Amino acid sequence: DVFRTLKGGEPERFPHRERSSKGGEPWHRADKSGSVRAAVFGVSDGLVSNTALVMGFAGASLAGAIENSVVLFAGLAGLLAGAFSMAAGEYVSMASQRDLFKREIDLERHELLEKPEEERLELELIYRAKGLPRDQARAVADQIMKDPEIALDTLARELGLDPDELGSAWKAAVSSFLAFAIGASVVVVPYALFSGMTAFVLAVVLALVSLIVVGGLVGYQSGRGVVFSAGRQVLWGVGAAGVTYLVGSLVGVNVG
(Lines give C-alpha, C1' and ligand atoms only; values in the text may rest on other atoms or scores of the structure.)
Protein backbone atom coordinates (compact mmCIF):
# COMPACT_ATOMS: atom_id res chain seq x y z
CA ASP A 1 0.00 0.00 0.00
CA VAL A 2 1.14 3.53 -0.72
CA PHE A 3 -0.66 4.81 2.37
CA ARG A 4 -0.30 2.62 5.45
CA THR A 5 -1.22 3.89 8.88
CA LEU A 6 1.02 3.18 11.83
CA LYS A 7 -0.17 2.61 15.38
CA GLY A 8 -1.73 5.82 16.63
CA GLY A 9 -2.78 6.95 13.17
CA GLU A 10 0.54 8.39 11.95
CA PRO A 11 1.11 7.87 8.22
CA GLU A 12 4.14 5.68 7.52
CA ARG A 13 5.07 7.89 4.59
CA PHE A 14 6.01 10.61 7.14
CA PRO A 15 8.53 8.69 9.33
CA HIS A 16 10.52 11.87 10.03
CA ARG A 17 7.75 13.09 12.32
CA GLU A 18 8.30 10.13 14.66
CA ARG A 19 12.07 10.57 14.62
CA SER A 20 11.74 14.26 15.25
CA SER A 21 9.43 13.76 18.23
CA LYS A 22 11.99 11.43 19.80
CA GLY A 23 14.82 13.86 19.28
CA GLY A 24 16.41 12.12 16.27
CA GLU A 25 16.47 15.36 14.27
CA PRO A 26 16.15 18.20 16.79
CA TRP A 27 16.30 20.91 14.13
CA HIS A 28 12.82 19.81 13.00
CA ARG A 29 11.29 20.51 16.39
CA ALA A 30 9.27 23.72 16.23
CA ASP A 31 7.48 25.94 18.67
CA LYS A 32 3.89 25.03 17.91
CA SER A 33 2.30 26.82 20.86
CA GLY A 34 3.61 30.23 19.87
CA SER A 35 4.88 30.85 23.41
CA VAL A 36 8.58 30.77 22.49
CA ARG A 37 8.10 33.22 19.64
CA ALA A 38 6.08 35.50 21.92
CA ALA A 39 8.70 35.26 24.66
CA VAL A 40 11.62 36.13 22.36
CA PHE A 41 9.75 39.04 20.81
CA GLY A 42 8.57 40.19 24.24
CA VAL A 43 12.06 40.28 25.79
CA SER A 44 13.50 42.15 22.83
CA ASP A 45 10.65 44.64 22.64
CA GLY A 46 10.58 45.21 26.39
CA LEU A 47 14.32 45.76 26.53
CA VAL A 48 14.52 48.16 23.60
CA SER A 49 11.33 50.15 24.19
CA ASN A 50 11.71 50.62 27.94
CA THR A 51 15.42 51.37 27.64
CA ALA A 52 14.57 54.10 25.17
CA LEU A 53 11.81 55.41 27.44
CA VAL A 54 13.95 55.45 30.58
CA MET A 55 16.93 56.99 28.76
CA GLY A 56 14.71 59.84 27.64
CA PHE A 57 13.68 60.58 31.20
CA ALA A 58 17.23 60.00 32.40
CA GLY A 59 18.47 62.67 30.02
CA ALA A 60 16.00 65.13 31.48
CA SER A 61 16.91 64.02 35.01
CA LEU A 62 20.64 64.57 34.54
CA ALA A 63 19.87 67.99 33.10
CA GLY A 64 18.12 68.82 36.35
CA ALA A 65 14.57 69.05 35.03
CA ILE A 66 13.06 66.09 36.88
CA GLU A 67 13.80 63.96 39.93
CA ASN A 68 15.01 60.36 40.10
CA SER A 69 11.59 59.21 41.31
CA VAL A 70 10.04 60.44 38.06
CA VAL A 71 12.46 58.32 36.03
CA LEU A 72 11.60 55.29 38.16
CA PHE A 73 7.87 55.90 37.80
CA ALA A 74 8.21 56.29 34.03
CA GLY A 75 10.11 53.00 33.82
CA LEU A 76 7.53 51.14 35.89
CA ALA A 77 4.67 52.66 33.91
CA GLY A 78 6.33 51.69 30.64
CA LEU A 79 6.94 48.17 31.93
CA LEU A 80 3.34 47.56 32.96
CA ALA A 81 1.73 49.31 30.00
CA GLY A 82 3.96 47.53 27.49
CA ALA A 83 3.59 44.11 29.11
CA PHE A 84 -0.20 44.30 29.18
CA SER A 85 -0.28 45.63 25.63
CA MET A 86 1.95 42.82 24.36
CA ALA A 87 -0.10 40.18 26.17
CA ALA A 88 -3.39 41.53 24.87
CA GLY A 89 -2.04 41.75 21.33
CA GLU A 90 -0.73 38.17 21.38
CA TYR A 91 -3.98 36.82 22.84
CA VAL A 92 -6.24 38.59 20.35
CA SER A 93 -4.00 37.65 17.42
CA MET A 94 -3.81 33.94 18.24
CA ALA A 95 -7.46 33.70 19.30
CA SER A 96 -8.54 35.28 16.02
CA GLN A 97 -6.29 32.91 14.08
CA ARG A 98 -7.79 29.95 15.91
CA ASP A 99 -11.35 31.16 15.20
CA LEU A 100 -10.52 31.50 11.51
CA PHE A 101 -8.98 28.03 11.48
CA LYS A 102 -12.07 26.50 13.12
CA ARG A 103 -14.29 28.16 10.55
CA GLU A 104 -12.20 26.74 7.70
CA ILE A 105 -12.35 23.28 9.29
CA ASP A 106 -16.13 23.50 9.68
CA LEU A 107 -16.47 24.42 6.01
CA GLU A 108 -14.25 21.50 5.02
CA ARG A 109 -16.28 19.13 7.22
CA HIS A 110 -19.49 20.33 5.57
CA GLU A 111 -18.05 19.73 2.11
CA LEU A 112 -16.99 16.21 3.11
CA LEU A 113 -20.57 15.45 4.13
CA GLU A 114 -22.24 17.13 1.16
CA LYS A 115 -19.72 16.49 -1.63
CA PRO A 116 -17.58 13.46 -0.69
CA GLU A 117 -16.73 12.58 -4.30
CA GLU A 118 -15.44 16.07 -5.00
CA GLU A 119 -13.29 15.93 -1.88
CA ARG A 120 -11.95 12.49 -2.86
CA LEU A 121 -11.05 13.87 -6.27
CA GLU A 122 -9.37 16.85 -4.61
CA LEU A 123 -7.19 14.50 -2.56
CA GLU A 124 -6.35 12.48 -5.64
CA LEU A 125 -5.27 15.60 -7.50
CA ILE A 126 -3.17 16.71 -4.55
CA TYR A 127 -1.19 13.47 -4.50
CA ARG A 128 -0.88 13.41 -8.28
CA ALA A 129 0.60 16.89 -8.07
CA LYS A 130 3.11 15.50 -5.57
CA GLY A 131 4.31 12.97 -8.13
CA LEU A 132 2.23 9.84 -7.49
CA PRO A 133 0.91 7.95 -10.52
CA ARG A 134 -2.82 8.20 -11.13
CA ASP A 135 -3.62 4.72 -9.80
CA GLN A 136 -1.60 5.18 -6.62
CA ALA A 137 -3.03 8.65 -6.02
CA ARG A 138 -6.54 7.24 -6.39
CA ALA A 139 -5.73 4.39 -3.99
CA VAL A 140 -4.39 6.84 -1.40
CA ALA A 141 -7.46 9.05 -1.71
CA ASP A 142 -9.82 6.06 -1.43
CA GLN A 143 -8.03 4.80 1.68
CA ILE A 144 -8.18 8.21 3.35
CA MET A 145 -11.86 8.72 2.55
CA LYS A 146 -12.82 5.52 4.39
CA ASP A 147 -12.53 7.40 7.70
CA PRO A 148 -14.21 10.85 7.76
CA GLU A 149 -12.02 12.12 10.61
CA ILE A 150 -8.81 11.06 8.88
CA ALA A 151 -10.10 12.59 5.66
CA LEU A 152 -10.87 15.88 7.40
CA ASP A 153 -7.50 16.00 9.15
CA THR A 154 -5.62 15.13 5.95
CA LEU A 155 -7.47 17.68 3.82
CA ALA A 156 -6.90 20.38 6.43
CA ARG A 157 -3.17 19.69 6.58
CA GLU A 158 -2.80 19.41 2.82
CA LEU A 159 -4.48 22.79 2.47
CA GLY A 160 -2.06 24.33 4.97
CA LEU A 161 -4.32 24.27 8.05
CA ASP A 162 -2.13 22.48 10.58
CA PRO A 163 -3.92 22.36 13.97
CA ASP A 164 -0.63 21.67 15.76
CA GLU A 165 0.71 25.08 14.77
CA LEU A 166 -1.98 27.16 16.44
CA GLY A 167 -1.08 26.64 20.08
CA SER A 168 -2.66 28.34 23.04
CA ALA A 169 -3.59 32.01 23.02
CA TRP A 170 -3.31 32.12 26.81
CA LYS A 171 0.18 30.61 26.82
CA ALA A 172 1.36 33.08 24.21
CA ALA A 173 -0.17 35.98 26.15
CA VAL A 174 1.40 34.96 29.46
CA SER A 175 4.79 34.31 27.84
CA SER A 176 4.65 37.67 26.12
CA PHE A 177 3.71 39.50 29.33
CA LEU A 178 6.46 37.92 31.42
CA ALA A 179 9.08 38.28 28.71
CA PHE A 180 8.32 41.95 28.14
CA ALA A 181 8.37 42.61 31.89
CA ILE A 182 11.76 40.89 32.23
CA GLY A 183 13.26 42.86 29.35
CA ALA A 184 11.77 46.14 30.52
CA SER A 185 12.95 45.68 34.11
CA VAL A 186 16.63 45.78 33.13
CA VAL A 187 16.78 49.58 33.14
CA VAL A 188 14.21 50.01 35.92
CA VAL A 189 16.10 48.14 38.65
CA PRO A 190 19.08 50.54 38.75
CA TYR A 191 16.76 53.49 39.38
CA ALA A 192 14.98 51.55 42.10
CA LEU A 193 18.27 51.02 43.96
CA PHE A 194 20.34 54.10 43.10
CA SER A 195 19.96 57.62 41.75
CA GLY A 196 21.72 60.16 39.58
CA MET A 197 24.78 59.23 37.54
CA THR A 198 25.25 55.91 39.37
CA ALA A 199 21.80 54.68 38.32
CA PHE A 200 22.31 56.00 34.79
CA VAL A 201 25.67 54.30 34.23
CA LEU A 202 24.43 51.01 35.71
CA ALA A 203 21.30 51.14 33.54
CA VAL A 204 23.37 51.72 30.40
CA VAL A 205 25.77 48.86 31.21
CA LEU A 206 22.96 46.42 32.00
CA ALA A 207 21.06 47.44 28.88
CA LEU A 208 24.11 46.90 26.65
CA VAL A 209 24.86 43.49 28.16
CA SER A 210 21.22 42.46 27.86
CA LEU A 211 21.02 43.61 24.23
CA ILE A 212 24.08 41.52 23.39
CA VAL A 213 22.74 38.46 25.22
CA VAL A 214 19.24 38.66 23.71
CA GLY A 215 20.57 39.29 20.22
CA GLY A 216 23.05 36.45 20.55
CA LEU A 217 20.38 34.01 21.71
CA VAL A 218 18.12 34.96 18.82
CA GLY A 219 20.98 34.45 16.39
CA TYR A 220 21.86 31.09 17.93
CA GLN A 221 18.29 29.84 17.76
CA SER A 222 17.65 31.10 14.23
CA GLY A 223 21.03 30.05 12.84
CA ARG A 224 21.61 33.59 11.51
CA GLY A 225 24.77 33.97 13.57
CA VAL A 226 25.39 35.08 17.14
CA VAL A 227 27.67 38.00 16.31
CA PHE A 228 25.47 39.37 13.54
CA SER A 229 22.26 39.14 15.56
CA ALA A 230 23.86 40.58 18.68
CA GLY A 231 25.27 43.48 16.69
CA ARG A 232 21.93 44.15 15.05
CA GLN A 233 20.15 44.10 18.41
CA VAL A 234 22.68 46.50 19.94
CA LEU A 235 22.50 48.82 16.93
CA TRP A 236 18.73 49.22 17.16
CA GLY A 237 18.68 49.41 20.94
CA VAL A 238 21.46 51.99 21.22
CA GLY A 239 19.98 53.99 18.34
CA ALA A 240 16.56 54.22 19.97
CA ALA A 241 17.96 54.98 23.41
CA GLY A 242 20.38 57.56 22.02
CA VAL A 243 17.64 59.51 20.26
CA THR A 244 15.36 59.61 23.30
CA TYR A 245 18.26 60.52 25.61
CA LEU A 246 19.19 63.41 23.35
CA VAL A 247 15.61 64.64 23.24
CA GLY A 248 15.29 64.30 27.02
CA SER A 249 18.52 66.22 27.56
CA LEU A 250 17.43 69.06 25.29
CA VAL A 251 14.04 69.28 26.92
CA GLY A 252 15.61 69.10 30.38
CA VAL A 253 18.04 71.93 29.63
CA ASN A 254 15.31 74.16 28.23
CA VAL A 255 12.91 73.42 31.07
CA GLY A 256 15.61 73.78 33.69
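**Salt bridges and helices in an all-helical model**

Lysine 130 and glutamate 158 pair up in a salt bridge, with their closest N and O atoms 2.6 Å apart. This pair ties together distant parts of the chain: lysine 130 sits in the loop between H4 and helix H5 (134-145), while glutamate 158 belongs to helix H6 (residues 148-158), 28 residues apart. Lysine 130 has a relative accessible area of 51%, so it counts as exposed, the cut-off being over 50%. Glutamate 158, at 22%, is partly exposed. The model is a predicted one, and the count of salt bridges in it comes to 9.

Some of the other pairs stay within one helix. In helix H4 (residues 116-129), glutamate 124 and arginine 120 lie 4 residues apart, or about one turn of the helix. Residues three or four places apart in an α-helix point the same way, because there are 3.6 residues to a turn. The side chains of glutamate 124 and arginine 120 meet in a salt bridge at 2.9 Å, N to O, and both residues are buried. Helix H5 has a pair of its own: arginine 138 and aspartate 135 form a salt bridge with their closest N and O atoms 3.3 Å apart. These two are 3 residues apart, again about one helical turn. Arginine 138 is partly exposed at 30% relative accessibility, whereas aspartate 135 is exposed at 56%. Both pairs feed into a network of salt bridges that links Glu117, Arg120, Glu124, Asp135, Arg138 and Asp142.

Stepping back to the whole chain, there are 10 helices and 0 strands. Buried residues account for 36% of the 256 residues. Of the contacts between residues at least 6 apart in sequence, 68% join residues at least 24 apart.

Helix H7 (residues 169-185) runs for 17 residues and reaches 24 Å from its first C-alpha to its last, close to the 24 Å expected. Serine 168 caps its N-terminal end, placing a side-chain oxygen 3.3 Å from the backbone nitrogen of tryptophan 170. The buried residues of H7 include Ala169, Ala172, Ala173, Ser176 and Phe180.

On the outside, the chain exposes about 14800 Å², and carbon and sulfur atoms supply 64% of that area. A nonpolar surface patch of about 580 Å² is made by Leu62, Met197, Val201, Val205, Val209, Val213 and Leu217. Helix H9 (residues 196-222) gives the largest share of the patch, 6 residues. Valine 209 lies in helix H9 and is partly exposed, at 46% relative accessibility.

Note on methods
Residues are numbered from 1 along each chain as its sequence is written. This is a predicted model: local features need pLDDT of at least 70, side-chain atom pairs count only at pLDDT 80 or more; totals for chains, interfaces and linings use all residues. Side-chain values use heavy atoms; hydrogens and water are left out. The expected span of a helix is 1.5 Å times one less than its number of residues. Buried means under 20% relative accessible area, exposed over 50%, partly exposed in between (1.4 Å probe, protein chains only). A polar contact is a pair of N or O atoms within 3.5 Å; within protein, one must be able to donate a hydrogen and the other to accept it, and residues adjacent in sequence count only if both atoms are side-chain atoms. Contact means heavy atoms within 4.5 Å. Accessible areas come from the Shrake-Rupley method with a 1.4 Å probe; for residues, only the protein chains shown count as cover. Patches are made of residues with over 30% relative accessible area and no salt bridge: like charges are joined within 9 Å, nonpolar side chains (Val, Leu, Ile, Met, Phe, Trp, Tyr) within 5 Å. A salt bridge is a side-chain nitrogen of Lys or Arg within 4 Å of a carboxyl oxygen of Asp or Glu.
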